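Student: I'm new to this one, so could you walk me through it? Let's have the picture up first.

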Number of protein chains: 2
Amino acid sequence: MNIGRASKLSDLTVKTVRYYANIELVKPKQSNFTGYREYSEEDVLKLRFVGKARKFNFSIEECRELLSLYENENRSSKEVKKITLEKICEIDKKLKELKDLRNELSYLANNCHGDDRPNCPILDAFSQK
Amino acid sequence: MNIGRASKLSDLTVKTVRYYANIELVKPKQSNFTGYREYSEEDVLKLRFVGKARKFNFSIEECRELLSLYENENRSSKEVKKITLEKICEIDKKLKELKDLRNELSYLANNCHGDDRPNCPILDAFSQK
DNA sequence: GTAAACCTTGCTTAAAGGGGAAGGTAAAGA
DNA sequence: TCTTTACCTTCCCCTTTAAGCAAGGTTTAC
């Protein structure tokens with residue numbers, strides 16, 4: 001399929017998909033007839049996977065590492081599993097931090113009466129320290 | 001306190017803290033004697049809060065909005081509460097996506113035997129689609 | 001009194017794309 | 001068949017969010 005379709009299926013912009021091809025993160029075949037990039041189903045899966053990881057601040061290089069879990073057939077599965085577990089730890093850390101942030105906002109919202117009075121616990125909680 | 005201490009307390013780099021002052025996101029007083037920035041305890045709280053939000057891809061402008069929840073005393077608490085609840089929704093969405101990503105990796109790791117054979121479900125799951 | 005540690009502004013660079021120009025290609029309708 | 005419309009290409013510059021570094025002022029510490 002062409003880049004436009006791959007872009008839609010992976011929920012990334014065409015620009016982003018092209019960028020990933022240029023930096024050889026997800027590099028499709030390229031017709032040397034028309035010059036069009038030709039994406040496979042597998043390419044789309046990789047794009048989707050990268051898209052998800054990027055949403056959580058995994059850098060492009062980290063995404064490259066995550067993708068290598070799938071791509072490098074010569075790697076022992078032991079090593080693949082090790083790296084995967086490490087990434088899961090990182091994600092768990094992110095999850096905890098995100099929950100904390102949510103709790104912080106949630107606490108403020110729950111203690112705010114929400115009427116029209118200008119004084120509000122959301123403001124107070126902050127200025128009190 | 002000076003920027004170095006504020007940086008340590010907020011767990012941001014000096015560069016970042018200075019940048020936030022320049023774009024007027026968290027703007028401390030500045031001595032017109034030495035030119036040094038003078039951070040208050042409240043400034044540090046704001047910095048920490050921004051740091052947390054930035055970790056989850058809230059843009060600088062969104063952080064500015066989040067901070068305004070605290071700062072703008074003229075805003076009705078109704079509006080403050082509304083915006084806060086919206087941000088909580090956004091965070092909940094991020095949480096779900098992050099959990100999905102974790103599950104995806106976790107599934108792969110759990111189904112990987114982890115010995116030294118080069119074939120591994122982590123690889124298979126991907127290439128099979 | 002000077003060296004180390006900390007501060008300032010200003011300039012450049014990086015990562016991860018977005019915008020848009022100039023031009024080739026492909027599919028669909030008149 | 002011709003043309004319009006929708007895609008595709010490369011190339012170049014712009015943006016955001018800082019990090020790095022230089023040149024120089026300040027404060028602390030021995």
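Student: Leaving aside its neighbours within four places in sequence, which residues is A:Asp43 in contact with?
Tutor: A quick word on the ground rules: this is a predicted model, where local features need pLDDT of at least 70, side-chain atom pairs count only at pLDDT 80 or more, and totals for chains, interfaces and linings use all residues. Residues are numbered from 1 along each chain as its sequence is written, while chains are lettered from A and ligands numbered from 1 in the order in which they are written. Contact here takes two C-beta atoms, placed from the backbone, within 7 Å. Setting those sequence neighbours aside, the partners of A:Asp43 are A:Ala6, A:Val26 and A:Pro28.

Student: Is A:Asp43 buried or exposed?
Tutor: Look in helix H3 (residues 41-55) of chain A to find A:Asp43; helices (H or I, at least four residues) and strands (E, at least two) are DSSP runs, numbered from the N terminus. We count other C-beta atoms, placed from the backbone, within 10 Å of a residue's own: 20 or more is buried, 12 or fewer is exposed, and in between is partly exposed. A:Asp43 has 22 of them within 10 Å, so the call is buried.

Student: What separates the C-alpha atoms of A:Asp43 and A:Pro28?
Tutor: Along the chain these two are 15 residues apart. In space, their C-alpha atoms are separated by 6.8 Å.

Student: In what order do the elements of chain A run?
Tutor: Chain A has 6 helices and 2 strands. Of its 129 residues, 29% count as buried. Start at the N terminus and the elements read α-α-β-β-α-α-α-α.

Student: Where is A:Asp11, and is that residue buried or exposed?
Tutor: Find the loop between helix H1 (3-10) and helix H2 (14-22) of chain A, and A:Asp11 is there. Most residues other than glycine have a negative phi. A:Asp11 has a positive phi, near 60°. As for surroundings, 11 other C-beta atoms lie within 10 Å of A:Asp11, so the residue is exposed.

Student: And what is phi of B:Asp11 near?
Tutor: B:Asp11 sits in the loop between H1 and helix H2 (14-22) of chain B. With 12 C-beta neighbours inside 10 Å, B:Asp11 counts as exposed. Its phi is positive although the residue is not glycine, with a value near 60°.

Student: How are H1(B) and H2(B) set against each other?
Tutor: Two packed helices are described by the angle between their axes and the distance between the axes. Axes are lines fitted to C-alpha atoms, for helices over the stretch in contact, and angles run from 0 to 180 degrees between N-to-C directions. H1(B) and H2(B) pack at about 105°, with axes 9 Å apart. Under 35 degrees is roughly parallel, over 145 roughly antiparallel, 65 to 115 roughly perpendicular and the rest oblique, so this pair is roughly perpendicular.

Student: How do H1 and H3 of chain B compare with those angle classes, then?
Tutor: Helix H1 (residues 3-10) and helix H3 (residues 41-55) of chain B pack at about 45°, their axes 9 Å apart. That angle makes H1(B) oblique to H3(B).

Student: Which residues of H3(B) do B:Ala6, B:Leu9 and B:Ser10 meet?
Tutor: Those three belong to H1(B). On the H3(B) side, they meet B:Asp43, B:Val44, B:Leu47, B:Arg48 and B:Gly51.

Student: Which residues come nearest to DNA strand C?
Tutor: Near means a C-beta atom, placed from the backbone, within 6 Å of the strand. There are 16 residues around DNA strand C, and H2(A) gives the largest share, 3 residues. Coming nearest are A:Lys15, A:Ile60, B:Asn2, B:Gly4 and B:Arg37.

Student: And which are the closest to DNA strand D?
Tutor: This time 17 residues surround the strand. The closest are A:Asn2, A:Gly4, A:Arg37, B:Lys15 and B:Ile60.

Student: Last one: how far apart in space are B:Tyr107 and B:Asp43?
Tutor: B:Tyr107 lies in helix H5 (residues 77-110) of chain B and is partly exposed, with 13 other C-beta atoms within 10 Å. In sequence B:Tyr107 and B:Asp43 are 64 residues apart. In space, C-alpha to C-alpha, the gap is 43 Å.
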